[in-house]
Amino acid sequence: MQKKINDVFPISTSSTLTDPGTHSENLKNDESYSIIIDDSLDIGKFINTSIPIDDFTKCALLEKHWVPPPGYIYPFSIHIRQGKEIKRNVLPVHLQNNHWLVLSDCMKGLFCKYCVLFASNTSNNVTLQTLVKKPLKIFSKLTGKDSDLKRHCNNKYHKFAVESGNNFLAAYHNPQKVIINQINTQRSIQVSENRKRLVPIIETIIFCGRQNLALRGHRDDGFLDDDARPSNEGNFRELLMFRIRAGDKTLEKHIKTTSSRSTFISKTTQNDLIDCIGEEIQSKIIHNVRKAGMFAIIFDETTDISHIEQLSLILRYVLDDKVHEDFITFVDAYKSIRPEDVSNPYEVKLSGKALGHVVLDIITKLGLDLDKCVGIGTNGAAVMVSESCGAVSEIQKKCCNAVRCPCFNHALNNSLAQASTIPSIRNAIGTLKAIIAFFNTSSKKHKLLIDTIGHKLIGLCQTRWVELHDGVIQFKKILPQLVIVLAEITLWKESSMTTSKAKSFVLSICDTDFIFALTCLSYVLERTLPLSKILQSSTIDLKNASEIVQCTITVLQSNRTNCISEFAKLYSEVQQLASGLDIDLKIPRINKKQTHRENYNSQSIDEYYCISMFIPLLDSIIEDLKRRFTLPSMEAYDLSLFIPTTFLQQKMYCTSEYQDRVSNVSKRFSSIEPNILHGKTILGELEIWCQKWKIIAEEGIEKCPDNAIEAFSSCNAKVFPNIKSFLQILSTMPVGVVSAERSFSTLRRMKTWLRSRMGETRLTGLCLLHVHREVNVNELIQSVIERFANKKQRRLDFVL
């Protein structure tokens with residue numbers, strides 16, 4: 001059991017009753033010691049909570065409670081003595097001399113750990129307060145005969161609580177010595193057998209969740225009988241019967257010998273077990289996040305098949321030199337709105353403020369420290385990014401160190417949408433969508449398309465950004481064959497509407513404006529496709545993303561500068577297309593008084609379309625890219641200055657401007673890790689860091705890191721603790737919301753028309769099982785059984 005507590009609550013300080021000074025020395029000499037503080041067992045977090053504390057957590061709070069780490073600044077109180085202010089501090093000796101005394105960092109005061117957990121709420125009809133329900137924050141009388149600690153130690157309720165705590169630990173670590181177990185020796189054997197009964201049921205649920213199989217069927221209640229099955233009983237029950245036929249004697253014995261109300265295969269038990277499995281996966285992820293020290297949140301919302309507004313939450317963190325973006329939960333956004341955010345009960349609105357509060361409530365429920373949040377990733381919707389009432393602004397009020405990280409892919413997609421402001425481009429995109437829909441609505445037309453071209457048309461999806469690029473580029477390549485297919489459809493005699501549509505599409509495609517618009521749009525999308533693909537990665541950092549965005553903008557600007565020569569190449573492609581389609585290129589009629597369309601005074605076809613279409617397209621996209629990818633978000637608040645290739649290429653490491661910018665970065669993020677990030681020591685570390693990579697670059701010993709995660713992996717935390725932390729912040733900041741978009745794909749696979757009544761708890765548990773395949777849930781089955789048994793009283797005993 002002790003090993004399990006260490007796995008769940010790994011803390012960097014020991015709770016054994018030794019001298020804190022000696023303890024600090026031992027930690028400093030320990031090579032594996034980490035400065036990062038895990039305050040998950042701060043007893044102040046368990047005060048006045050409505051959630052009952054389970055035995056596992058009680059044991060951890062008594063034996064491995066939070067202890068101030070080396071260098072910790074102890075709280076103090078100020079008192080007036082003879083007109084002078086005197087400070088009275090909590091000292092390590094106070095904690096050493098009183099084994100029951102613990103310090104709470106979150107409440108900045110002292111508690112009695114035994115009284116908090118085991119004392120009753122009242123003593124002699126007096127409500128217990130100081131050291132029990134409220135922290136002791138006045139430190140003037142901590143020693144002496146009449147000290148606050150001495151008086152508390154002499155109270156009867158304190159002595160009773162200490163005795164109860166010692167009895168609890170003895171029973172917890174040695175359950176075989178508990179009287180009830182000694183009286184009934186058969187009970188431990190029965191509990192072990194009952195736990196074995198649940199194992200095949202849990203394994204079957206895990207299998208269904210991993211493979212995204214619906215558990216329930218048309219009728220899945222009643223006794224499990226392999227002989228009489230009048231209807232489909234669902235995958236879960238069928239798999240259980242398959243296991244029995246395959247020779248699972250434990251499951252067969254359980255089904256045959258237990259009562260009908262204790263089979264633990266009902267839909268209610270399924271929900272409980274799925275919930276427990278999901279909580280185990282969540283706890284493992286939260287443990288990794290706390291171990292990482294810093295995290296960023298990514299969230300987005302969508303409407304599912306049941307018309308429920310689902311909010312998806314993703315946590316991004318760096319652990320073991322790898323970037324992780326882990327899905328945490330789905331929540332019903334409207335049901336999670338706080339009552340104070342509902343101004344009109346007859347018209348509930350999901351405002352930015354309400355959405356921000358929903359996210360904060362989830363983070364708080366998970367037990368994460370809001371001060372360790374360094375980034376917030378969202379899309380560019382107004383409800384998210386509004387400075388006055390957006391969700392990000394509301395979250396930043398509590399997460400003071402978090403910076404907004406806009407989604408680069410959304411910004412790119414919105415910039416490309418500016419192409420639709422040009423009438424010819426907008427009309428061409430509309431024609432493309434109509435033709436794709438035309439072939440997708442009929443199996444006969446679709447078969448003719450496959451027989452002629454060999455593959456179907458790629459849809460212009462607005463969320464799968466790469467498909468938008470591929471769809472337009474593919475359409476241009478198969479344009480001649482597509483005209484042939486449409487021409488054949490015009491000869492059909494079955495449907496006049498289908499033939500008339502096909503005829504109109506042929507006329508639209510064979511129009512000069514359409515061919516030029518498709519060619520110009522393909523030209524731009526071919527140059528933004530690499531950017532769109534690389535931004536799909538969940539492990540990319542802001543430094544790499546910013547460089548690729550800048551390269552894309554530079555290429556488009558170069559094409560704009562050389563627009564005449566570039567359009568000459570496009571014009572030759574257009575001529576080849578026109579020759580294949582057997583059409584004559586011509587410009588629209590020009591009238592000096594025309595004001596409702598392009599009316600450029602040019603007699604040359606290439607010059608006209610270069611001025612009216614190609615140049616405006618490039619200008620609109622370039623300007624919008626510059627506006628959306630602003631300098632602060634691109635430079636990640638100068639955090640990229642710590643990456644070796646950045647300061648080596650620009651040769652800026654020896655300038656005063658570079659040091660000033662680094663100092664500003666230190667001030668901006670110093671509150672995240674106050675025990676590590678010191679502005680006074682950062683410049684000294686920086687000189688050694690820059691000199692190290694300068695020598696390596698000159699001698700060519702190894703490749704200099706060119707991104708945040710590589711620099712983070714190469715940075716020694718003992719030598720460069722400040723730089724290591726800044727590189728971790730940069731690696732943790734999200735680049736986009738692709739992980740949230742992928743969770744929506746999981747949602748659509750999981751919650752289909754046939755499973756549209758699935759509840760939120762069941763949905764989240766199954767999605768966690770389906771997404772996090774890297775978590776070996778089979779190793780957590782015993783923990784799942786313990787969690788399942790402790791939720792409420794069960795008909796069978798699963799714990800001693």
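A salt bridge here is a side-chain nitrogen of Lys or Arg within 4 Å of a carboxyl oxygen of Asp or Glu. Keep that cut-off handy for the exercises below, and remember that the model is predicted.

**Exercise 1. Asp619 and Arg560**

Find out how far apart the side chains of Asp619 and Arg560 are, N to O, and where each residue sits.

Solution. Start with the distance: the side chains of Asp619 and Arg560 meet at 2.7 Å, N to O, in a salt bridge. Next, place the partners: Asp619 belongs to helix H25 (residues 605-628) and Arg560 to helix H23 (residues 542-561), so the pair links distant parts of the chain, 59 residues apart. Finally, look at accessibility. Asp619 is partly exposed at 29% relative accessibility, and Arg560 is partly exposed too, with a relative accessible area of 27%.

**Exercise 2. A pair within one helix**

Work out which helix holds both Lys447 and Asp451, and whether the two residues are buried or exposed.

Solution. Lys447 and Asp451 both lie in helix H18 (residues 443-453), and being 4 residues apart they are separated by about one helical turn. Their closest N and O atoms are 2.8 Å apart, in a salt bridge. As for the surroundings, Lys447 is exposed, and Asp451 is exposed as well.

**Exercise 3. From one pair to a network**

How many salt bridges does a search of the whole structure find, and which residues are linked in a network with Arg787?

Solution. The search of the whole structure gives 26 salt bridges. One of them joins the side chains of Arg787 and Glu280, at 2.9 Å, N to O. Arg787 is in helix H34 (residues 781-791) and Glu280 in helix H12 (residues 267-292), so this pair ties together parts that are 507 residues apart in sequence. Glu280 is buried, with a relative accessible area of 9%, whereas Arg787 is partly exposed at 28%. Now widen the view: a network of salt bridges links Arg787 and Glu280 with Asp275, Glu279 and Lys791.

**Exercise 4. A charge without a partner**

Locate Asp341 and explain why Lys353 does not count as its salt-bridge partner.

Solution. Asp341 is in the loop between strand S9 (322-332) and helix H13 (352-365). Asp341 is buried. The nearest side chain of opposite charge is that of Lys353, 4.5 Å away. A salt bridge needs the atoms within 4 Å, so Asp341 has none. Asp341 still has contacts: leaving aside neighbours within four places in sequence, they are Lys353, Ala354 and His357.

**Exercise 5. Two strands, two settings**

For strands S10 and S2, decide how many residues are buried and which strands they pair with.

Solution. Take S10 (residues 373-378) to begin with. Of its 6 residues, 6 are buried, so S10 is largely enclosed by the rest of the structure. On pairing, S10 is joined to strand S7 (residues 295-303) by 4 bridges, and the two run parallel; Ile298 has Gly377 in S10 as its bridge partner. S10 also pairs in the parallel sense with strand S11 (residues 403-406), over 4 bridges, and there Gly375 is matched with Val403.

Then turn to S2 (residues 84-89). Among its 6 residues the count of buried ones is 0, and the strand is hardly covered. S2 runs antiparallel to strand S1 (residues 76-81), to which 6 bridges join it, with Arg88 in S2 as the bridge partner of Ser77. The hairpin of S1 and S2 has 2 residues between the strands, and Gln82 takes a positive phi near 55° in this hairpin.

Technical notes
Residues are numbered from 1 along each chain as its sequence is written. This is a predicted model: local features need pLDDT of at least 70, side-chain atom pairs count only at pLDDT 80 or more; totals for chains, interfaces and linings use all residues. Side-chain values use heavy atoms; hydrogens and water are left out. Buried means under 20% relative accessible area, exposed over 50%, partly exposed in between (1.4 Å probe, protein chains only). Lys and Arg count as positive and Asp and Glu as negative; His and the chain ends are not counted. Contact means heavy atoms within 4.5 Å. Two strands pair if DSSP finds at least two bridges between them.
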